[in-house]
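Open your viewer and have the selection panel ready. We will go from one stop to the next, choosing something to select each time and saying what is there.

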Amino acid sequence: MVRDVSRDEAFYEFLLRMGDNTLILGHRVSEWCGHAPVLEEDIALANTALDMIGQTQMWLGLAAEVQGEGKTADDLAFLRDAWDFRNLLLVEMPNGDFGQTLMRQFLFDAWHVLQLRALTQSTDERVAAIAAKSVKEATYHLDRSAETVVALGDGSEESHARMQAALDYLYPYVGEMFLSDAVDTTLVEAGIAPDPASLRAEFDETLARVLGEATLTLPEARRARGGGRDGKMHTEHLGHLLTTMQWMQRAYPGATW
Amino acid sequence: MYAQMVKSTGTGVQSLDEMSPEDRAFQERIDAGEKIEPKDWMPDGYRKTLIRQIGQHAHSEIVGQLPEGNWITRAPTLERKAILLAKVQDEAGHGLYLYCAAETLGISRDEMTEMLLDGRMKYSSIFNYPTLTWADMGAVGWLVDGAAIMNQVPLQRTSFGPYSRAMIRVCKEESFHQRQGFDIMMKMAQGNTQQKAMAQDALNRFWYPALMMFGPSDKDSVHSAQSMAWKIKMNTNDELRQKFVDQTVPQAEYLGLTVPDENLKWNEEKGGYDFSEPDWEEFFEVIKGNGPCNTDRLAARNKAWDDGAWVREGMMAHAAKKRARKMAAE
């Protein structure tokens, strides 16, 4: 059953998908602050989180503008409930150990770079501009996360085992990046965003190359776990994340900070 | 002022005539305003005192991530979250270049870390106080970074080159930190009743701990006299504390907040405020490990270090494999 989605409606959904990914992942990464294995990683993780929050401000800022109800990026970030979030399930998964955090980051970055690169060609100039700015950061994130996955995968026996476990745990959430629905159909027709499936081949190539170097084995393909980007069924983890993130705005409605 | 009660070695300052020829030449370089560089000859006491001082300062930056990191996930707006992340990232960066400065004196970062983790080296007493509301992010920036700047600005002129250069970089960023803290306080002081109450409560809780950051009076301390002769301490604790109070009280008035000190009064004669001393007994307890958060802070740092062991070992193992492969290929 294909539902017809108006262009404005689809555009708004798309902007939430982009902004919620960076918001939720930025939040997760920021949970590391002060607890990383080495000082350089504390700095790098804070820097990654900071980039993600900056990108969130742009995507959700534009989403609020497109929505046209006088809301702000903050309203969208702090005053929506879980079912209104449109991020990939992958990014709401808990940090786990450092290996799981970096594996999650690598899987996301590998997709994010391709998505942003395609979006620099968007027919919507605002989208193209945000993508052009973000893709530089995302490329740097990918270099770093890929390097870390290789180092720890091809490191000690323990680090190898932990990275393999992280990959096995997270891989089922990869497929959602390439699913599409009526929103995507409308976006592709309007030339705003690429067909998600069109990014898969290059993504798989990146994965094969990096995981090969990391001496890690790609798990057997399992059914892609979806429900995040369309908001139909998030994981149980998201609600707890929002409880923390939104607490101030919920506890003191209308206050400015 | 992340270094408190740093003990120098020796028993007091010697006059130039009492010094050995080497010590005398060294002191004359310092008196002439020259910078001492890592490869230069230096008295053992100078080296040891600096390691303690710079190490304590570096550790404070690292532990200092925790009370602010406590609020990153709850920051009330995206902009505040971004600013706080940037600030905590800066602090980790300060830690990094302070450790590098200390390493030029012949101690490794890992050695210093071990000494922090097992309690042999200290960090500033201030980070053993909890951050309980969002206003504490304002108070920490305004008061804690404000007090730190008081000490660090003169330290830009300190005699040890790497420390001086680190301080110059640190100071640039710290003044931004203080401004963002004051800005948070201002928003809250102008906000609703609850926000005003939070701002006042944060000032009440952080005022005396901020005054303690300068350490107890050291006008009679032989350690301080030696450090001042070496120009690794530029002012007495009392001078800096007075300066801090004189600067901060008008800011509190501007915010419409009340400094929690009934004895606070402008003293025309000295051109500064009279104010109450903090509870030094409390200070010594905090230094000994009995502050509100000492146990949790050190436990968090130990956990991060222990949980990260496999990462550090994995990285090393990978680097070794890479070297071996490169050798085999050559």
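Begin by selecting the residues where the two chains touch: 47 residues from chain B and 49 residues from chain A make the contact. Keep in mind that this is a predicted model. The model scores ipTM 0.96 and pTM 0.95. For chain B the mean pLDDT is 94, with 99% of its residues reaching 70 or more.

Now turn on a surface for both chains. About 4,000 Å² is buried between chain B and chain A, and carbon and sulfur atoms give 69% of that area. Which three residues should you colour on chain B? Pick B:Leu78, B:Gln89 and B:Trp310, which supply 21% of the area that chain B buries against chain A, more than any other three residues.

Next, look for charges that cross between the chains. There are 3 salt bridges between chain B and chain A. To see a salt bridge up close, select B:Arg109 and A:Glu40, whose closest N and O atoms lie 2.5 Å apart. Widening the search to polar contacts across this interface gives 13 residue pairs, with both residues at pLDDT 80 or more.

Switch to a cartoon view and colour by helix. On the side of chain B that touches chain A, the elements giving two or more residues are α3 (65-72), α4 (78-103), α7 (161-189), α8 (193-212), α12 (294-307) and α13 (309-329) of chain B. Of this side, α4(B) provides the largest share, 14 residues. Colour the same side by residue class and you will find 24 nonpolar, 13 polar and 10 charged residues.

Stay on chain B and select α12(B) together with α13(B). Their axes are 4 Å apart, and the two helices pack at an angle of about 35°. Show side chains here: B:Trp305, B:Asp306 and B:Asp307 of α12(B) meet B:Ala309, B:Trp310 and B:Arg312 of α13(B). That contact has 3 nonpolar, no polar and 3 charged residues. You have already coloured B:Trp310 as one of the three residues supplying 21% of the area chain B buries against chain A.

For the last stop, move to chain A. Over all chains, the salt bridges number 35. Select A:Asp181 and A:Arg17, whose side chains meet in a salt bridge at 2.8 Å, N to O. Where do these partners sit? A:Asp181 is in the loop between α7 (157-170) and α8 (182-190) of chain A, while A:Arg17 is in helix α1 (residues 7-30) of chain A. The pair links distant parts of the chain, 164 residues apart.

Conventions: Residues numbered from 1 in each chain as written. Chains lettered and ligands numbered in written order. Heavy atoms only, no water. Contact = heavy atoms within 4.5 Å. Buried area = accessible area lost by both parts, 1.4 Å probe. Salt bridge = Lys/Arg side-chain N within 4 Å of Asp/Glu carboxyl O. Polar contact = N/O pair within 3.5 Å; in protein donor to acceptor, adjacent residues only side chain to side chain. Nonpolar A, V, L, I, M, F, W, Y, C, P; charged D, E, K, R; others polar. pLDDT = per-residue confidence, 0-100. Axes fitted to C-alpha atoms, helices over the stretch in contact; angles between N-to-C directions.
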